[in-house]
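Please look at the structure shown below and follow the explanation with the model in view. The paragraphs move from the protein as a whole to its strands, its helices, its aromatic rings and some individual residues.

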Amino acid sequence: MLQAARYLLGSPGASGFGSKSTADEVTAACPDLGSLTAIITGATSGIGAETARVLAKRGARVVIPARSVKAAEDMRARILGECPGADILVLHLDLSSLASVRDFARRFLSLGLPLDLLINNAGKFSHGQLALSEDGVEMTFATNYLGHFLLTKLLLGKMAETAAATGVQGRIVNVSSSVHGWFSGDWADYLKLVTRRKIPYDATQAYAVSKLANVLHTKELAARLQEMGADVTVNCVHPGIVRTRLNRDREGLITDLVFVLLSKLLKTIPQAAATTCYAAVHPRLAGVSGRYLADCNEALPSPAAASRSEAARLWQASEDMISGSSQQGQVLQYGCWTGTSEHPTSLCPSTVRVLVQG
């Protein structure tokens, strides 16, 4: 009851921020971000667009990967309209396609840019019947989780290299949802059964599984980054309930009525982007990793999302999924990790060989 009251009132938590804080407010006290480069998925609308706008406003170079390059260019134009000096780069990326993720990573790495922030924000809610990605993976899981899993692995070397060279800690932010707690079964069994059409497809359950995977990914990645000695952190955020394109697609009298009734609970987009921006750049989170945040404060994920064994199990399953579509690559000088870009094994004190997918 007390927690609900604090949410409605926007009372600040230990961080000094709360549910009513905006992305502009939580970044106001941050140092100039002019030295940082950020990749933000899903930045053509909604929470991702606001995150991109605010970080660009604070001086960061922002890379907008998008399936629709036109939508990304339109977003770039809107940011430049407000911040004429902003450095915005647009590249194509379809997160549901592992081949597209690999192509994006190759093109970004070829630019020779540093990488300080990776914000895995893009989200999809599949309506209607079951859809599979070109890799044979349930579409929501492929877009919301697996594509981000591969993207993160391919860019980890560059992030570690940048942090070592600049002395500025790298940060990864995975955008999840409290909906992750709506799934309580075995995610592996669910994915297998729904993909084989052995059980009815439920879009909400599929979304919950993908968001659970985001939290488990954060937990396992944080442990691995610590073991490897990389100066990179990863945290997971619940942005809050906000009417974005994700749920605007479900138009209708009932949907509109529900949103009217829940209007006091809904966040504005600037408020919903606050926790992402807080996790990405606020000095208070320096060195903090593996946490689940809501309303710019640490929160507890569901019991299923807190299991290290399940996090490790998901990681191995994800490795199996992406290795099935990977190709032999070529050795390039890109980083601080030994092993392949998809399977880094250790951190070296000097430049090492990284196998980049070809």
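A residue is called buried if its relative accessible area is under 20%, exposed if the value is over 50%, and partly exposed in between, with a 1.4 Å probe and only protein chains considered. This is a predicted model, in which local features need pLDDT of at least 70 and side-chain atom pairs count only at pLDDT 80 or more, whereas totals for chains, interfaces and linings use all residues. Residues are numbered from 1 along each chain as its sequence is written, and side-chain values use heavy atoms, with hydrogens and water left out.

Consider the whole protein to begin with. Of its 358 residues, 53% count as buried. The accessible surface, computed by the Shrake-Rupley method with a 1.4 Å probe and, for residues, with only the protein chains shown as cover, amounts to about 15,200 Å². Carbon and sulfur atoms supply 55% of that exposed area. A contact means heavy atoms within 4.5 Å. Among contacts between residues at least 6 apart in sequence, 73% join residues at least 24 apart.

The protein contains 13 helices and 10 strands. These elements are DSSP runs numbered from the N terminus: helices are H or I runs of at least four residues, and strands are E runs of at least two. Two strands are said to pair if DSSP finds at least two bridges between them.

Strand 1 (residues 37–40) offers a good place to begin. In a regular strand, side chains alternate between the two faces of the sheet. Which residues of strand 1 are buried on its two faces? Thr 37 and Ile 39 are buried on one side, and Ala 38 and Ile 40 on the other, so both faces are covered. Strand 1 pairs with strand 2 in the parallel sense over three bridges, and Thr 37 stands opposite Arg 61 in strand 2. Between these two strands the chain passes through helix 3 (residues 46–57), and this β-α-β crossover is right-handed. The term right-handed means that, with the strands pointing away from the viewer, the path from the first strand over the helix to the second runs clockwise. Strand 1 is also joined to strand 4 (residues 117–120) by three bridges, and these two strands run parallel; here Ala 38 stands opposite Leu 117.

Strand 2 (residues 61–66) is in turn joined to strand 3 (residues 88–92) by five bridges, again with the strands running parallel. Pro 65 has Leu 91 of strand 3 as its bridge partner. Together with helix 4 (residues 69–82), strands 2 and 3 make a right-handed β-α-β unit.

Among the helices, helix 12 (residues 274–281) is mostly covered, as eight of its eight residues are buried. They include Cys 277, Tyr 278 and Val 281.

The aromatic side chains form another theme. Rings of Phe, Tyr and Trp (its six-membered ring) pair if their centres lie within 6.5 Å; planes under 30 degrees apart count as stacked, over 60 as edge-to-face, and the rest as tilted. By this rule there are seven aromatic pairs. One of them, between Phe 104 and Phe 108, is stacked, with 6.4 Å from centre to centre and 15 degrees between the planes. Both residues lie in helix 5 (residues 98–110), four residues apart, which is about one turn of the helix. Phe 104 is buried, at a relative accessible area of 0%, and Phe 108 is buried with a value of 0% as well. The rings of Phe 183 and Tyr 190 have centres 5.6 Å apart and planes at 65 degrees, so this pair is edge-to-face. Phe 183 is buried at 6%, and Tyr 190 is buried at 9%. Ring pairs also link Phe 141, Tyr 145, Phe 149 and Trp 315 into a cluster.

Two residues that are not glycines have a positive phi: Arg 197, at about 60 degrees, and Asp 295, at about 55 degrees. Arg 197 is found in the loop between helix 7 (187–195) and helix 8 (203–228), and Asp 295 in the loop between strand 7 (292–294) and strand 8 (297–299). Are these residues buried or exposed? Arg 197 is exposed because its relative accessible area is 57%, whereas Asp 295 counts as buried because its value is 18%.
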